[in-house]
Structures are given as structure tokens and as C-alpha cells.
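User: Please take a close look at one strand of this structure and the elements that pair with it. I would like a connected account, with the criteria stated.

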Amino acid sequence: MSAIRGWIPAGGGLRDDAWAGRHRLLTLLLAATVPLLTAFGVFRHALATDWLLTILAVLSCVVAAVSLRPRRLPSMFVALGFTIACAGFVTMCNGLTEAHFSYFIAVAALALYRDWTPFGMFLLATTTQHAIFGVTHGDHTYDHHSALVHPWMWAFLHGAAVLLAAGFQVIGWRLTENEERRAEEDLNESNAQLTVAFDETPVPMAMIAPDGVVLRSNEAYRDWLGLTGGLPTGFTVADVPITPLDTDAEPLFDLLLRSAEPITVTRRFRRHSDGATIWIEVHSTALHDREGRLRLIFVHCLDVTSNRRHAEELRHQVRHDSLTGLLSRAGFEQDLAALLAGHHGPACLLYLDVDRFKTINDGSGHGAGDEVLRTLASRLSATVPDGALVARPGGDEFVVALPGALESGSDVAEALVSAFAEPMDIAGSRMQVAVSIGLTVARGAGQAEEAVLAADTAMYAAKRSGGSRVEVFNDEMRVSVRRRVVAEARLREALAGDTIETLPVWFQPVVSTADRRIVGAEALVRMRTPEGEILAPGHFIAAAEETGLVVALGEHVLRRALAHLMEWGDALGYVSVNVSPRQLAEPGFVPMVAELLAGYPDLDPSRLVLEITETALLSSAVDVQDRLRMIKALGMRIALDDFGTGYSSLTWLQSVPADVVKLDRSFVAGLATDPRKSSIISAVLWLARSLGMSVTAEGVEEEEDWNTLRSADCPAVQGYYISKPLPATEFEAFLMSSVTAAAA
């Protein structure tokens, strides 16, 4: 029995609204049989007593179906009405077989109820009608003689046919119930998953109706609003206890209603509970029905206040110098462009640099240097007018921008020179500093970068004039600036191209005074312009130093020098490469050189000589001794270039682990006719030999100087007397001829 019950539909599973719709349809169909039967009776001339009784009975069932409650009683009258309508139709047709098809139509129609009560009543009434009227009024029930002779048999056959038709309806009904049950189970599972995902997530989420009513919310949303007891009935977005602060923006809910696509909006609000300002990031997705009507809006809200504050702190750090609190270079450049764009008149730029600041750092320590910079920043801010832009681009440099003509800028500059000259108490001692200031005037946002460069140039002019003064940028300086700008642009273009072609490395031979044999070469970079012109380093090295491009340029020269050194093999003893102060200060310089050497495992590192000037040793902010020790540890040699031009050359001979001393050309030129120079060079040669160093004389251009150096036992020389710098191919030919001559 349980197995049979498993195949029988349960019935009665329709929702009230679905049942009401179907009942209304079937009632209308039943009522429609009245005019249809009447029209058929007129057509068949059969408006007799059978027609009248059928019409009255059907109308009675229609009235009952409309007026009675609840479900089953009105549906039973609909089933009874269909039975009467079918029976009346058969009677009006005098039992015509085809008229019995109406029963099958009624069976299918009543199956729409999916309820056993009206369905079973129709089957029972139909079977009873065939059995009773088939025997008592056979001529009105069946239209053939066999049915009149054997009415029970034909009543059984007709009833069985109706039951079979009903059976297939029941099977379809059952299959539909199975599908609905599976769909409901899937829906319940999906709802359960949604409930877990929605209710248990820590992110505040809500579903909002188009009229603003919050249909559903999770616990995180209610906790976020401080409504732990749940949302009250009819709670809307207008009841959310926060007030928008971005009053100029479109109301947030209006924006969510208007957007058909998912959107993310971040707005600022004031929380009612404590008055705090918070930032909320709202992610919204609108759900529409098939007709495109908005059903609900799904939102989840993230409190991003801490993220915004962190971002603001980062922006402040980017825009401001951490040591002094003044604007950083980036912040100043941004605000300067805005100042020049929004100010119709001229604006003055003052570029300041503390004179001999390195002495303070070396003598009193970096802590004292930092305290000096903070004190100077305070004086600077207190001296300039309100509304001026004040920045520390880096190091001991400051820059000021303020609206006004040159006269106002000059007054401020002089006031700053006086303010900076006032002694200050630093680390328990009195210190006095001076400042050099460059001044220029700019108009329009497009001149921002050029104006800063001009003020910087004027500042260096003030330093060269002795410091503690103000220099105004002039046309002569402008030419210098333009040259620097052009040189920088050329250099950047060359570095971005095929550097072997755009930045060829030439070589000047270094020869032994004993036999004129080439023992080494100095690598010297040149620049080839797009027009094919070859430029000497003087056209671009200064720009490379100022912009930091010398780092990439120096690496290129090192790569080419090593490649040629390997190409020429044992024919060339060594190649020397100049190292600038900027390169030496780079943390990655020594690792870069080590990586280059690792690419030539068969090369003796001592064949690479790095030339370092006394200027590099004096101006470098890093620990030079550590860098030089690391260079020596790699096996390379160090040459002290331009020896004799610094302040304490003899001291450097003792403190720098140099292998080669290169005498500056100022000592070599006219050596043969100047006994004092000869004495100095003899002393240097003796001192270098005693320290285990070799000596190379640079700038030898006259035969007399060559002979004097050879007589003084100077080991090696280079200069135009031997050869000017040559392209790699020409140098190779010169080298090979030297090797051949030596072999002969």
C-alpha cells in the first residue's frame, strides 16, 4: 500500500493565489457552456426540456462555485457542473459517440485543480451518469443498437475510457508534483546557503525595496547600526542613524535606484551615536524582474574610515617632508603648478641651500644636522608671508614660492638671509649658519619646472660668489639652463636608444715611458646625435650628474669597457673607467660591478681600474672607505684621478687604498720649463713608490714634457702627444701596431 501511495499524487498543494486563479478560469469555462449549449440547441433545433434542465443545473453550479467557501466545496460544484454540461450535451446529440469526447475535455480541465475532491467527484458522477442513464435512457446516451441491448457493457466501456484518461492525468499530476518537490528542495537548499552566507557574514548586508523599506538584513548590519534587538517594522533607509556629509552629491539611495549595473560608492557620514565622521563604501546590485521592473536592491556596506585615514596619512607623508613637516618635492611641484595656474600675476621662487652644511654633519653629527634643519625650517616658515609655499626638496635645500613681483621676492630673500644668520642653540652649543639663495620670477603653470631649475641655477651662482647672499636669475644663466635642458633631453634619448651607437665608448692609450708600449687605456664616453655629430663629455656629463642619469651612463661605459677588454685579450693590460660621485654614492654600485665581473669569469679583475676623483671622496655622503674596501675585495684596482687639484692630496694618498695616482694635467703642462713642477712631481713619484703605488701622468702634449717625465722615471703617461681618444676600431688598430712594434 505504501508503494501505491507513493505513485498517487497528494493533491491540494497549490498556493491560495494559484488555486484562486485556476478556479476562476474553470468557473468561467463552466459558465461559457451555457451560451455554447444554447447556440448548439438553436443549431440542432434541440431547445427542449433536456436543454432547459441542463442550463438551469449548470447555472446553479456556477452560482455555487462563485459564492461558496473555502476551496473544496466550490470546486465540487464546478466538477458537478461540468458533469451536467457534458451529460446535457450528449443528450442533445441523442447519444452521439463524438459527443462523449466532452468528458475527456472536462477531465483534463478539472485536473488543473490538482485536488482529489473535484477530480474524484467528476469521475464518480460521470461513471454513475453512464450507468444510470445508459440503462434508463439508452437512446439518449448511446446512438447504436448494441448499447441498447447491452447497456451495462457500454456503460462500463465508457466509464473505463474516462477513467483511463483520468489515470494519465493523474500520472502527469504526480510527475509534476515530483518535479515541484525537487525544485522546492533545491530552492530550500539555495535559501539555506543564502541564509548562511547572508546572515553569518561579518559584512553588513541588507535587501532594500524600491520604496526604501529594508526587507532583510543580517546581524552584522544591525550591529553596525546599533540595533541589536532587530530592525523595527517598516524600517527604511531614511531611518538609518547616520547623516550624509557630502550634501552636494546626489542622494545615495537615489543613485542606487537609478543605476541598472552594480556600482560601488564611497561617501562620508556622521554617526548619530557619537557624532564621529565615518567613510562608508557601499556595494550595490539591483535585481529586476523579466519586465525590467526593479524588485529589490542588495547592498553591503564597508566601514573604510581607517583605510581612508591611512590613505590620508600616506598622502600627507608623500606631500610632506618627515623631518621638517614642510612640503616635499612632490607636494611642492603639485601646489606650485596650481599656484601658477590660478594666479594671474607673477610669482617668485626662492631656492635656498645651507652653506657648508656638510661641515656641521661631519663635526657635530647627523643628529645635530637634523636639528639645524628643523630649526631653519621653523625660521623659514615664520619669515615668509602667509600663503607662501615652503618645501624641503631634500638634503639641506629649501624652496619657497609666493605670489608677487621680483621686488617682493627680493625683500623676502634678504629677510631670510638675516633670519638664517641668527645663531641657534644646537646640542648645547651655539651654531651659526649661512644660506645661499637663488631668486627668479615665473608666470603660468607651464613654467613651474623651468622656474625651479632657474632658481636652483641662481642659487649655485650665489654659492660660487662666496655664499650667504642672494642671486637673481638672469639671461646669462638662462642660456646655461637651456643648455642643461637640451643636454638632459639628448642624454635621455641616447640612453633610450641603442647605446652602443648613441653612446660610443672611445679609448685613450696609456703608454710606458720605457718603451712606448701601450700598457692600458682610459675609457671615455662620447655621444652621437641623430645628425651624426660626435659630442665630447663636456656637453652632457654635467647634466648626467645633476639628473642622476650618470648612474645608467656609467654602467653602460663599464659594460663596453669590459667587453672590449675581453675582445683585445692579452694585447691590452688594463682599462680604466671614471666613477662619478653620484655613482659612488649609489648603494647598488658595487653589487652592479660585481655582477658585471661575474659575467667574465676568465677575466682578471685587476685589469679593470676604477678612477675616483678627490671631489668624489670629499662630496660623497656615504662611507667612502667602506665602498673602496668592497671594490678592492672584488680584485679591482683604484686610481686617484686628477691628483693635485684637491685640498689635501697628500692626505688622500695615505688614507685611500689607491693603486694608481694620476697626475693632473695642470702639473704636467710646461713641466720641462718649470723647475718647481719638476720638484713636486719627483716628490710625488717618490712618495707613490714608497706607498706601493704606480703613477700615470695625464695631459702630456709636448715632447719636452714627455722627455722630462721619462727622465724622472714616471712609469706611464697619456695625452695628445701619444694619441687623442680614439673610437674602438681605430684604437684596436693602434694597439695591434704597438704590439707588432714591440715584438719586432
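Analyst: **Strand 15 and its partners**

Strand 14 and strand 15 form a hairpin, with 5 residues between them. In the turn, Arg 516 has a positive phi of about 60 degrees. Strands here are DSSP runs of E with at least two residues, helices are runs of H or I with at least four, and both are numbered from the N terminus. The model is predicted, so local features need pLDDT of at least 70 and side-chain atom pairs count only at pLDDT 80 or more, whereas totals for chains, interfaces and linings use all residues. Residues are numbered from 1 along each chain as its sequence is written, and side-chain values use heavy atoms, with hydrogens and water left out.

The hairpin partner, strand 14, covers residues 505-512 and runs antiparallel to strand 15 over 7 bridges; two strands count as paired if DSSP finds at least two bridges between them. Within this pairing, Phe 507 has Ala 523 of strand 15 as its bridge partner. Strand 15 also pairs with strand 18 (residues 574-579), here in the parallel sense and over 4 bridges. On that side, Glu 522 stands opposite Ser 576 of strand 18.

Strand 15 itself spans residues 518-525, and 8 of its 8 residues are buried. Buried means under 20% relative accessible area, exposed means over 50%, and partly exposed lies in between, with a 1.4 Å probe and protein chains only. In a regular strand the side chains alternate between the two faces of the sheet. For the protein chain as a whole, 43% of the 744 residues count as buried.

Beyond strand 18, helix 22 (residues 581-585) contains Gln 583. Gln 583 is buried, with a relative accessible area of 5%. Its side chain reaches the backbone nitrogen of Ser 580 at 3.1 Å. Such a polar contact is a pair of N or O atoms within 3.5 Å; within protein, one must be able to donate a hydrogen and the other to accept it, and residues adjacent in sequence count only if both atoms are side-chain atoms. Leaving aside residues up to four places away in sequence, Gln 583 touches Val 550, Val 551, Gly 554, Glu 555, Asn 578 and Phe 589, where contact means heavy atoms within 4.5 Å.

These elements belong to a protein chain with 30 helices and 23 strands. Among the contacts in the protein chain with a separation of 6 or more, 63% join residues 24 or more positions apart.
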